[in-house]
Each structure stands twice: as C-alpha cells, then as structure tokens.
Amino acid sequence: VKKFEFKLQKKKGAMRAGVMTTARGEVQTPVFMPVGTAATIKSLDTKDINDLQAQIILTNTYHLYLRPGIDILNQHGGAGKFMGWDKPMLTDSGGFQVFSLGRQRGANNSKVKLSDEGAEFTSHLDGSKHFFSPEDAIEIQRQIGADIIMTFDECVSDSEEKSYVKKSLEKTHSWAKRCYQFWEQNKRKSAYGEYQALFGIIQGAMYQDLREESAKFITSMDFDGIAVGGETIGYNMAGTKEVAGWLEKILPENKPRYAMGLGRDPENLVTAIKLGFDMFDCVGPTRLARNGSLFHGNLDLSDKNSADLGPNFVSDYPSGRLNISNRKFANDQKVIQEGCDCYTCTSGYTRSYLHHLYKAKELSYYRFASIHNVRFMIRLSQEMRSYILS
Ligand SMILES: [Zn+2]
C-alpha cells in the first residue's frame, strides 16, 4: 500500500472494531501488540509469534538504537528482516524509556537532561552519553523501518505539578510538530522506501484542561493515528477511564486510538476496549509469565442487558493470575486453562509440569509460560472483536 488506512467497521456502545492497512499487511482491531523490546519477544522465536496469531509487534527505539545499533539494522534492511518477522511492526519513539531513566534517578540527579532541543541521556548499558532530538527519533525509526512510528514526547509523571506538566506539554507539542515536518520531508517513508504511518501522542497527565488542549492540538495535525500516553495509562485504570472520558468527544472516529503501555492484566484490556481504544501493548504478559503468573479467566457474555456496556472479564484468581509457584499445583494434572487454544495448553503440558520447570528454573518454562500469556491477551482481543461485530 502507498498509504496507511484505518476503516472503522462497527461500533457497539463505545467499543470499536476496525481494520488497519499498513505497508506490511492488515491488522484487525481491537488488537493486542506483544512487545519485542530488543527485536525479540523474550523466549519466543518468530514461528512462535506467528502461532500466537500476533498481527503486529512492537519494538523499542531506545533499546535497538543502543544495541545492536542502527547500522546493523540498516544493513539487514530494518528490524523486521533482522528478526525474520515480515508482518506489521510498531516502534515507540524512545520517549517513554527516557522518562523511565529520569525517574529512576530522581528529578535532581537525573540521567536525562531535557531541553527544547531534545533529550540528552546516559546509556543504561555502558554509561555513554547520547542525544535524541525529535528529528533523530524519527530518523532512527526510519532506519528501524517499522510500519507505524511514534512522535517523540515527554511522558510526565502524574505526581508532577501542573506548572511542570503545562511546560512539558508545550515541549511535547513543539516536538510533535517537528516530528511531523521531518516525516513530511521524508515523504512519510522509511529508509527502505515503504510508507510509515506516524501517530501523534496526547499527554497532559491528570489535568482535564491540559488533556483536552493536547487532544485538540494533536488531532489538528494529519497524523495517521492518535495515541494516548502518560504514566496513568494502563497502570491506573480509574485514571485511564477518566482521561478517556475527557478525550471521547475530541478524538476523530476515523483514526485508530492507541492506549500506550496498556495491557498488563486481562481485565485492563477488556476495560480499555470498552472505553473505545483500538490498540494496546504491554510487557506485562511476558514479564508476569516469567515471574510465574499465568493468566486464567473468561469473558462473561451471559448478561444480555449489558450489550452496550460490553462483557466483563471474570476469573477465579485475583487479577486473573494463577501463581504457578504455589505448592498446590505441584501435582495438578490439569492444563493451565481448559479450553485455551495456546500451544502450551493444547499440547497437554500440566500445571504440575510447569510448576516443576518454574521451580527448577528450566529455560523451557519461559517459553511455555510466555506462549500462554501472550496468546491469552491476543485471544481476548479477538473475542472482544467478535463480540463487537456480532
Ligand atoms: Zn494456554
């Protein structure tokens, strides 16, 4: 395709089902995007990712820039070719990692220096100094060659004073404009000549007027999609709901809505779809899997009265997580979840076996667990899509 397209197919209440067409293929929404930080979804290979029915994966600009470095990716023809993934990919701009580094070090002893020109930061790998301008962030994403790229922004903490958030927002908006212009100068194409969709990011922390101002500014530009960022999104679902409520009337119907970093718990994903978001990503499912938390639960489609409100996620376990390290699973011969269509469950690997592998820190555990959790989130988004289309 020459250009990115998004078609809204159906709405049910605030819930949306659509199809995005990117340079490397179609993506049916709502969609959960597994995170492959360093050009790999930890413990999985590309065949596994395909088997999970992942339609699009995310990789991180900051991490790929530092290692293996942009030259290596460029010589492969981009990150997709580097990792053997020929389907759609999205890259973040590095803004979130820059923000996380700054927070780890505290406000006054920061590893990050922000100016109107960009962000200077210290590599977490070797302490070397680097600088990203908004143009640099786009250029690096051009070299990575993803189908969807993001503007460079400052992701501010909810605990910041309003005066700081206001100033930060001005910077984020001026960077968004510079990213947009740089993208236009490059004819909206990657270093390999393919169309790259650019999404703008709405910030503004937990201030309604700033969120609205940001939404108006970002939607006034011809971005291909609209993302909502910030510390709250995905980590504080009450706050996420509040923000979504403020933005609802401002967001255009005909552009995909991406809730950045949202998708740690199955319930969050269902909630966010009911808030009208189309795209989600989170390292949570793989990270939780590695720590012994395996998803368990179902969509409850029985309450016909709530057709517009949508189904709820129900589980026998808190946050939908079964803790495989628990002794009670030592001789439990059931699979993780009856009816789950993931490779781990359909192959008949028991909770007892997974408990053993986890306790013994066997490497195969990480693959079995990650396959289940990621497939769980993808299946949940597929089931929500079917529900919306039904
Ligand atoms: Zn499973």
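Q: How many aromatic pairs does the structure hold?
A: This predicted model holds 17 aromatic pairs.

Q: Why is the pair formed by Tyr349 and Tyr353 called stacked?
A: The ring centres of Tyr349 and Tyr353 lie 5.7 Å apart, with 20° between the planes. Rings pair if their centres lie within 6.5 Å, and planes under 30 degrees apart count as stacked. Both values meet these limits, and the pair is therefore stacked.

Q: Why do Tyr349 and Tyr353 count as partly exposed?
A: Tyr349 has a relative accessible area of 24%, and Tyr353 is at 34% relative accessibility. Buried requires a value under 20% and exposed a value over 50%. Neither condition applies to Tyr349 or Tyr353, so each is partly exposed.

Q: What makes the pair of Tyr358 and Tyr365 edge-to-face?
A: Tyr358 and Tyr365 are 5.1 Å apart, centre to centre, which satisfies the pairing limit of 6.5 Å. The angle between their planes is 70°. Because planes over 60 degrees apart count as edge-to-face, this pair receives that name.

Q: Which of the terms buried or partly exposed applies to Tyr358, and which to Tyr365?
A: Tyr365 has a relative accessible area of 0%, under the 20% limit, and is therefore buried. Tyr358, at 22%, lies between 20% and 50% and is therefore partly exposed.

Q: What links Tyr62, Tyr65, Phe121, Phe132, Phe152 and Trp175 into a cluster?
A: These residues are linked by ring pairs.

Q: How do you know that the charged end of Lys12 sits over the ring of Tyr387?
A: The charged end of Lys12 is 4.3 Å from the ring centre of Tyr387. The term requires a distance within 6 Å and a position within 35 degrees of the ring normal. The distance meets the first condition, and Lys12 is assigned as sitting over the ring. Likewise, Arg379 lies over the face of Phe376, at 5.3 Å from the ring centre.

Q: What makes S7 and S9 edge strands?
A: The open sheet has 3 strands in the order S7-S8-S9, with antiparallel pairing. Strand S7 (112-115) and strand S9 (129-132) each pair on one side only, which makes them the edge strands. Neighbouring strands of this sheet are turned by 15° against each other on average, direction ignored.

Q: Why do S8 and S9 count as paired?
A: Strand S8 (residues 118-122) is joined to S9 by 4 bridges. Pairing needs at least two bridges, so the two strands qualify. Within this antiparallel arrangement, Phe121 has His130 in S9 as its bridge partner. Helix H7 (residues 162-185) packs on the sheet and touches S7 and S8.

Terms used:
Residues are numbered from 1 along each chain as its sequence is written. This is a predicted model: local features need pLDDT of at least 70, side-chain atom pairs count only at pLDDT 80 or more; totals for chains, interfaces and linings use all residues. Side-chain values use heavy atoms; hydrogens and water are left out. Rings of Phe, Tyr and Trp (its six-membered ring) pair if their centres lie within 6.5 Å; planes under 30 degrees apart count as stacked, over 60 as edge-to-face and the rest as tilted. Buried means under 20% relative accessible area, exposed over 50%, partly exposed in between (1.4 Å probe, protein chains only). Axes are lines fitted to C-alpha atoms, for helices over the stretch in contact, and angles run from 0 to 180 degrees between N-to-C directions. Contact means heavy atoms within 4.5 Å.
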